[in-house]
Every structure is written in C-alpha cells, then in structure tokens.
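Trainee: I should like to learn how to read a structural model feature by feature. May we work through one together?

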Amino acid sequence: MDFQAFILEEISRKMDFLVIGRRIIKMDSYLFKTIVPFIEKHHVCNSCLGRQFGNLLTGLSNADRGSALKIFLAMEWEINHRQAKTGLSNISSLVSKDFSIGEHSVRRYFPDSEPNSLPCTICQDFLSYPFLESLAKEACDLVSAYEFSTFLVGSKFPPGIIDNEDITRSTFSFEYGESIKSDFNRELGKILSTFIPDATVDFKAPDIVFTFDLIQNSIDIKSNPLFILGRYRKLERGIPQSKWFCRKCRGVGCNHCNFTGKMYQDSVEEYATTPFFDAAKGISSKFHGSGREDIDARMLGTGRPFVIEISEPKIRNLDFKAITKQISDNSNGKVEVTIEGLTNRTKVREIKTRSSRNAKAYRAVVTLEKSLPDNHSILETITEEFTNILIQQRTPIRVAHRRADKIRTRKVSSFQIEKATKDEITVHIVCEGGLYVKELISGDQGRTQPSFSGKLGIPAVVTKLDVIEVFKSTDPI
Ligand SMILES: [Zn+2]
Ligand SMILES: [Zn+2]
C-alpha cells in the first residue's frame, strides 16, 4: 500500500467514510458501514448475509434480506464502475450460488475472470435451498410410516460453524443477527410444510420432532408420546391395577407363577393398555392411574381417571369406540373404560399427584369379631363422630414393606350405616383420597386413630370393598 492510500485509509477510518475507487462514500448508513467490510472478507450466501440482520423487519426470509442487500451493493458498485471506470473488483465478492446477479455482472465487466463458485464461508452451504430441499425429501421418506399433524425441526451443527458465526458477529459488530440454527430450522420447516401440507409446525407439543444432525449427516425422527385420558371401572375383585411381575422370577417365568412371569394373570393396566398400544403401533406403553384401589376392591361408579401413554406411536387417529369395546370383550366385561380424549404429560402429573387426593366414596362390608349389642344406638353415635373428622394414619402394616413409614392425616366427610346385622355392617364412606379405608375400620393395631373398631369396641375387618365414586376435587362434589 502506498503512502497516499495509507493516509486515505487512516482518515476514512477516523472520519467514518469509505473510499471505493475514486468515490468517497459517507458511512452514515449502519448497513453500509457493517456490510462492506464483511463482504470484502467473507464469501457469503444470501441467507448468511441476511441473517446478520434477521431481527430487522418481519415477513422476510434471511435469503430475501441478503438478496436485497446484495442487489443494493451491486448497484452501488455498478454506478461507481460506470462513473469512475474503476474500483469494481469487489463485485466478485457478492457472487454466490444463490446470487446470480453478481455472477452476471462479473461476466459482463470481467469476461476473462471466472465467478467465484466456492461454498459460503459461514454456513458451508448448509443453508442453500437445494441442500435444504434434499434433506426435506429424505425426511419425508423416513417419516412416511408415521401419522402426524404437527412437527418441529431441530438440528445439530458442527461446532466450527457456530463458532465461526459468533466470531464473525463480534468482529463486524452485527447487532441484529439471528442464530444460524434457528434460521436453518425455520427454513427447513417451511420446505417440509410444503411437502407435507397436512402438517404444521408446533413449538410446544409437536407430534414429530426431526433432528437434522449435520455432524453425523443423519436424520433422527422422534414421535412424541400419545396420551389418552379416560376412566376405568373394575367390575370384578381380584384384579390388580398394574401388571405385577412374579416376585421369584421377575417376569422370566417359573414354577411359582406357572411360567407366566406374573403374580396375577390379568390387570387393569393390561386390559386397558394393550388395544391402544396395538392400534397406535407404539414401542412401549405406560398406565398412569389416579391412585389405585386394592386388588380385592371393585372400582364402580363413573370409574377412576387414568392416562395411557404410548411411546413412539405411528398411528394417532384412534377409533376410541372400537377400542373401548375391545377392552370390554377382552376382559369378559371385568374392565370397562370410557375415553375423554387425548391429553398431554401435564395431565399425567396432575392425576398422579393433585387429583389422587380427590375425594372418594366407598362401600365396605364389615365383619365383626363379636356380635353387636342389641341396641344399635352406638352406630348412630359413630356415624356422627365420623362426620367431618380428621384421621391420623400411620402407614399400614400391610403396605409397610413398600411404602415409607409416616403418619398421614386424611379427612372423612361422612360415614353412613347402610345395613347392620349382628355381625355384619355395610357402611358408605366419603373421604379424602389416600385414606386407607380398611385400616379406618380395623384400626390397624392402633396405627389408625380414631378407627371404627376402636369406637365400637369390637374388632372389625373389611371383607368386601368397592370404590363407588372418584370425585373431581378434594371435596366430595
Ligand atoms: Zn451461508
Ligand atoms: Zn415366576
């Protein structure tokens, strides 16, 4: 660089103007000031130029922004060239695969030089339309086995590309840029939407998540779980809610379990889940009940809420009517379900925590060890005493092996005697979810206070138990 050029550059830096050929341009435009040095150093595609200003204006793609800026610069340079007949050498730095205008200008003014056809120095052409389109086509083939209506695009970029863009952004003081990943994900999402017109992008709860791994050069498809909300009724005793593996063989099959691998031959979980699992063509399933009744208790009334979760489903439009009939048929009427519809993971948490405390109504047949006194007035007293009373329950002996030992307080709202003979009483109890009803009756060797047996002064046990209602809140309403 000669002395004159050196002085000019120094002055231009201090005075904020730019010298192109013999023209001096006042650098009062933010865009001009930031783009020109960038373009001179980097060979960029439209997207990578436009993305540096991605937060400016809406309704444009970054490729649109970049193209507009390049057209503007190309015109500037052409004006300069026509007036000064020099200084247009930088037009070649505007050339990219997606900017043919630059190429035309180079061919027009510099017929001897070959336009630059190297990949974009920022994105390595990962953002070029033909590349995105080829990825979208491949993804469409891979996803063809899945039924879905919403999707989301994610990506893994080589760290070098991300770092390179970060450095570029700070070097050239770009303040309005968008990240390369969100640009890539959005543009690919747009192309996918045109290939799959029935599906739309959903950021919150997409059915399908595509992950384009540009490091491994692979496409991963994840089908998000399907959550089905319903209520079940268990019309026969002796069926556990969950599938219960054999304690001895842990599911492998042994003499103890008659080579079934299970402690009980059937369960609500299996009856309710299997037809959904088969119809949705998932890879695994989970049954989430809102609390559970004892194996020997029936679940009547409108039933107990549950959510069935199917992992990696291929089919999402399920025929609920046919499936509920199938559940009834498969269980010979032992288990019935009603389906409210599809739901989400939040509902699983809700039914497993909050709503498991919802009020329940029970009918219990209580057998007394000694006959009742002829005068039944004690039962009336107990009915009164057990209305709106708090019960302290230490974890019952029968579940102590699998539950933490603690004292819980639960409310009994009402306690009605429906029928009483000398040694058998039928009671109707409304209480808060989580109360152990059998222990409320027996007293569990003093671990439940107060108890029916304790008040009565006669040892008593529940011999039949039905849950007759699961209410929708902690109050029995
Ligand atoms: Zn690029
Ligand atoms: Zn076994």
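**Reading the model**

Mentor: Let us begin with one residue: C257 is buried, since its relative accessible area is 5%. Please keep in mind throughout that this is a predicted model.

Trainee: What is the mean pLDDT of the protein, and which element has the lowest mean value?

Mentor: The protein has a mean pLDDT of 90, with 93% of its residues at 70 or more. Among its elements, strand β1 (residues 17-20) has the lowest mean, 60, whereas β5 has the highest, 98.

Trainee: Let us return to C257. Which residues donate to the zinc ion (ligand 2)?

Mentor: C257 is one of the donors, through its SG atom; the others are C246, C249 and C254, likewise through SG, and the distances to the zinc ion (ligand 2) run from 2.2 to 2.3 Å. Along the sequence these donor residues follow the spacing C-x2-C-x4-C-x2-C. C249, with a relative accessible area of 13%, is buried because this value is under 20%.

Trainee: What is the geometry of the site of the zinc ion (ligand 2)?

Mentor: The site is tetrahedral, with angles of 103 to 114° among the four donor atoms.

Trainee: Which residues coordinate the zinc ion (ligand 1), and how are they spaced in sequence?

Mentor: The zinc ion (ligand 1) is held by the SG atoms of C45, C48, C120 and C123, at 2.2 to 2.3 Å. Their spacing in sequence is C-x2-C-x71-C-x2-C. C45 and C48 are both buried.

Trainee: Why is the arrangement around the zinc ion (ligand 1) tetrahedral?

Mentor: A site with four donors counts as tetrahedral if all angles lie between 85 and 135 degrees. The angles subtended by the four donor atoms around the zinc ion (ligand 1) are 106 to 116°, so the arrangement is tetrahedral.

Trainee: I should now like to read a sheet. What is the order of the strands in the open sheet?

Mentor: Strands of a sheet pair through backbone hydrogen bonds, in either a parallel or an antiparallel sense. Here the open sheet has four strands in the order β4-β3-β5-β6, and the pairing is mixed. Its edge strands are β4 (200-201) and β6 (218-223), each of which pairs on one side only.

Trainee: How many bridges join β3 to β4, and how many pair β3 with β5?

Mentor: Two bridges join β3 to β4, and these strands run parallel; T150 stands opposite T200 in β4. Strand β3 (residues 150-156) also pairs with strand β5 (residues 208-213) in the parallel sense, over six bridges. There, F151 has I208 as its bridge partner, and L152 stands opposite V209.

Trainee: Is β3 mostly covered or mostly exposed, and which helices lie against the sheet?

Mentor: β3 is mostly covered, with six of its seven residues buried. Helix α8 (residues 180-195) lies across β3, β4 and β5, and runs at about 140° to β3. Helix α6 (residues 129-143) packs on the sheet by touching β5 and β6, its direction making about 40° with that of β6.

Trainee: Finally, where is P313, and is this residue buried or exposed?

Mentor: P313 belongs to the loop between β9 (297-311) and α10 (320-330). P313 counts as buried because its relative accessibility is 0%. Leaving aside residues up to four places away in sequence, the residues it touches include Y146, S223, P225 and K281. The C-alpha atoms of P313 and E147 are 8.4 Å apart, although 166 residues separate the two along the chain.

Note on methods:
Residues numbered from 1 in each chain as written. Chains lettered and ligands numbered in written order. Predicted model: local features only at pLDDT ≥ 70, side-chain atom pairs only at ≥ 80, totals over all residues. Heavy atoms only, no water. Pairing = 2+ DSSP bridges. Contact = heavy atoms within 4.5 Å. Axes fitted to C-alpha atoms, helices over the stretch in contact; angles between N-to-C directions. pLDDT = per-residue confidence, 0-100. Donors = N, O, S within 2.8 Å, 3.2 Å for Na, K, Ca; no water. Tetrahedral: all angles 85-135°; square planar, octahedral: opposite > 155°, others 65-115°. Buried < 20%, exposed > 50% of the residue type's maximum accessible area, 1.4 Å probe, protein only.
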